[in-house]
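Biologist: Could you take me through this one slowly? I'd like to start with the empty spaces inside.

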Amino acid sequence: MACPYFYPTERFLQRLWPHPARLPLGDGFAGLCHADPANRFRPGDETLQQYCNLGYARRSCACFPDNGGPDAVRFTVSGDQNGIVQIYYVLERDHRPCEHGPLEYDAERGAFTAPPVSPQLERQAAVYVEGYLRRKLRWRGSL
């Protein structure tokens, strides 16, 4: 479950996690904090590792907004046929779903058929699907 205010920009190549493929977005990422839309910035490595990539930072991360918004977002692949990857997202607050829905990613176009309204959710979902597709190619190559 990544922080819902995190906008991943590139894979975080430093070895901060023993098993990066198990992370909520399928890899570790560097990126921008969008908790305050007027003051977006790149968090330090420790914050990226502990909060941005893992979520549930309310009352722990100094940047997390004090509002009634979500604490984390999670994704799962629900289908993969004919170049369309279907994923399902869940925004959580206090470990309970507060918003959820399906998304469809056209792998050939490299875009969602109908993008989510939030740029953070769209980018997180995109890197999640891209990681899934990257691992899928590796799995096929090892067969």
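Modeller: On a 1 Å grid over the protein atoms alone, a cavity is a set of points where a 1.4 Å probe fits but cannot get out, and lining residues have an atom within 4 Å of a point. This is a predicted model, in which local features need pLDDT of at least 70, side-chain atom pairs count only at pLDDT 80 or more, and totals for chains, interfaces and linings use all residues. Residues are numbered from 1 along each chain as its sequence is written, and side-chain values use heavy atoms, with hydrogens and water left out.

Biologist: OK, so which residues lie nearest the centre of the largest cavity?

Modeller: Those are Cys3, Cys33, Cys52, Cys61 and Cys63, out of 14 residues that line the largest cavity.

Biologist: And what kinds of residues make up that lining?

Modeller: The lining of the largest cavity divides into 13 nonpolar residues, one polar and no charged, where Ala, Val, Leu, Ile, Met, Phe, Trp, Tyr, Cys and Pro count as nonpolar, Asp, Glu, Lys and Arg as charged, and the others, Gly among them, as polar.

Biologist: Switching to rings, how many aromatic pairs are there?

Modeller: The count comes to three, with rings of Phe, Tyr and Trp (its six-membered ring) pairing if their centres lie within 6.5 Å, and planes under 30 degrees apart called stacked, over 60 edge-to-face and the rest tilted. One of them is the edge-to-face pair of Tyr105 and Phe112, at 5.1 Å centre to centre and 75° between the planes.

Biologist: Are Tyr105 and Phe112 buried or exposed?

Modeller: Both Tyr105 and Phe112 are buried, meaning under 20% relative accessible area, whereas exposed is over 50% and partly exposed in between (1.4 Å probe, protein chains only).

Definitions and conventions
On a 1 Å grid over the protein atoms alone, a cavity is a set of points where a 1.4 Å probe fits but cannot get out, and a pocket is an open set with protein on both sides within 12 Å along at least five of seven lines; lining residues have an atom within 4 Å of a point.
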